[in-house]
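Thanks for coming, everyone. Please pull up the structure on your screens, and we'll walk through it together.

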Amino acid sequence: MGHRQLETRTERAGSCKLSSLKLEASLRRDVTRRDAGHKQLAPLFIAFFLVVSAANAGAQEATHTLMPTPTTVAWGYYDAAAAPVMYIRSGDVIVVGTLITSTPERLEAAGVAPAQIEQSLRDITTTVTNKGPGGHILTGPIYVDGADSGNVLEVQIQKIDLAIPYAYNAFGVNRGFLPEDFPYSKTRIIPLDAKSMVAHFAPGIDIPLHPFFGSIGVAPPASRGRVNSAPPDIHAGNLDNKELVAGTTLYIPIHTPGALLEIGDGHAGQGNGEVDITALETSLRGRFKVTVRKDLHLTWPRGETPTHWIAMGMDKDLVQATKIAVRQAIDFLMTVQGLSHDDAYMLTSVACDVDITELVDGNVGVHVMIPKSIFPRGAGDHMIPVER
């Protein structure tokens with residue numbers, strides 16, 4: 001049986017469940033908005049919720065596929081008011097396609113053959129008008145049933161595949177970390193070798209590929225309205241953290257019902273800092289397991305790799321971003337490893353690495369790499385808080 005046939009069967013099998021999820025979420029929002037004069041509807045909602053919950057109790061993990069089309073992307077923003085394009089349950093798996101952050105015209109002008117431009121990119125750039133203020137084409141939003149403000153969304157990045165055989169790197173006027181040194185624009189198309197997993201940057205210069213999604217985020221607090229997709233913040237978003245490859249996990253504070261997960265900004269690789277404002281920009285396809293964590297209460301995103309935990313901080317000022325990241329590392333060591341405040345500060349200084357994530361996205365990013373090897377085997381896995 002072909003891969004697409006399997007996906008179709010899964011989608012059909014889950015269609016009834018997803019319809020009930022969508023209706024359940026819609027009713028929950030409607031009832032929440034009603035005033036005291038309409039409280040007689042509450043018993044109806046409760047009865048419906050119990051029926052749906054019972055029908056789905058014990059349901060096996062579902063796999064959903066979401067590809068970028070003019071109706072399944074958010075171009076340049078994260079927003080608590082955005083309409084979801086897919087509904088899933090906590091614990092479900094999603095296969096998500098993402099598009100290169102460029103336009104067909106710019107890619108062709110840089111030397112990409114017209115036949116190598118994805119049709120979905122052409123469709124989206126010619127038909128989507130609700131876009132901005134940022135430039136990233138993000139797939140989503142995805143509504144996660146049971147997610148609510150104060151929870152944490154655990155996004156396990158299970159697999160990442162290249163979708164096209166090229167990437168680009170570019171800098172522009174007044175962009176990047178050294179705009180005064182480069183007062184002009186330039187774009188380079190860089191072939192990607194999926195078999196050898198290298199990028200052919202120039203004759204004799206091959207770059208090992210480590211694909212990751214520059215932007216994985218949820219909606220910010222509703223009070224912020226629509227926010228630019230470029231600056232990373234408490235909603236995660238455009239972290240540009242090259243550590244978040246396949247086999248790692250991102251933990252994101254949730255700020256609105258359903259979380260409203262969006263994914264995009266594919267990178268085939270990147271250096272810390274991303275100093276000219278772009279990485280190896282490309283299209284990717286990823287597989288993720290998404291779980292609502294009600295036992296965690298974070299104020300900033302965190303990450304986990306097989307060898308490290310990652311504390312993060314973002315701010316317009318590099319010093320402030322670094323202070324946030326270091327304080328988050330201290331908080332992790334206290335709440336997950338059980339250290340005292342003083343010992344956590346000392347351990348961060350003697351055993352952890354403070355790295356610049358990126359310097360060019362409005363908010364700069366800093367992350368602290370906390371090695372797992374210095375703790376008892378398995379201690380702190382999956383950010384489980386210590387008992388106090």
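I'll cover confidence, then the largest pocket, then one strand, then the largest cavity.

First, a caution. This is a predicted model. The average pLDDT over the chain is 88. Of the residues, 84% score at least 70. Two stretches need care. Residues 1–17 have a pLDDT below 50. In the model, that stretch makes 14 contacts beyond near neighbours in sequence. Residues 30–58 also fall below 50. There, the count is 17 contacts beyond near neighbours in sequence.

Now the largest pocket. How much space lies in it? About 670 Å³. Its lining has 30 residues. Which of them lie nearest its centre? Find Thr101, Arg106, Tyr168, Arg175 and Thr278. Three elements give two or more residues to this lining: helix H3, at 104–109, strand S8, at 166–171, and strand S16, at 261–267. S8 gives the most, with three residues. And the chemistry? By class, the pocket lining has 13 polar, ten nonpolar and seven charged residues.

Let's stay with S8. Is this strand buried or exposed? Six of its six residues are buried, so S8 is largely enclosed by the rest of the structure. Look at the two faces in turn. On one side sit Tyr166, Tyr168 and Ala170. On the other are Ala167, Asn169 and Phe171. Both faces are covered.

What does S8 run alongside? Strand S9, residues 186–193, is joined to S8 by six bridges. The two strands run antiparallel. Tyr168 is a good place to see this pairing. Opposite Tyr168 stands Ile189 of S9. Tyr168 is also among the residues nearest the centre of the largest pocket. So keep that residue in view as you rotate.

Last stop: the enclosed space. How many cavities of 30 Å³ or more are there? One. The space in the largest cavity is about 50 Å³. Strands S19, at 308–315, S20, at 353–358, and S21, at 364–371, each supply at least two residues of its lining. The lining includes Met312, Gly313 and Met314. It also includes Thr357 and Glu358, along with Gly365, Val366 and His367. Pro232, Leu239 and Asn241 line this cavity too. By class, the cavity lining has five nonpolar residues, five polar and one charged.

That's the tour. Over to you for questions.

Note on methods:
Residues are numbered from 1 along each chain as its sequence is written. This is a predicted model: local features need pLDDT of at least 70, side-chain atom pairs count only at pLDDT 80 or more; totals for chains, interfaces and linings use all residues. Side-chain values use heavy atoms; hydrogens and water are left out. On a 1 Å grid over the protein atoms alone, a cavity is a set of points where a 1.4 Å probe fits but cannot get out, and a pocket is an open set with protein on both sides within 12 Å along at least five of seven lines; lining residues have an atom within 4 Å of a point. Grid points are joined across faces, edges and corners, and a volume is the space filled by probe spheres set on the points. Helices (H or I, at least four residues) and strands (E, at least two) are DSSP runs, numbered from the N terminus. Ala, Val, Leu, Ile, Met, Phe, Trp, Tyr, Cys and Pro count as nonpolar, Asp, Glu, Lys and Arg as charged, and the others, Gly among them, as polar. pLDDT is the predictor's confidence in each residue, from 0 to 100. Contact means heavy atoms within 4.5 Å. Buried means under 20% relative accessible area, exposed over 50%, partly exposed in between (1.4 Å probe, protein chains only). Two strands pair if DSSP finds at least two bridges between them.
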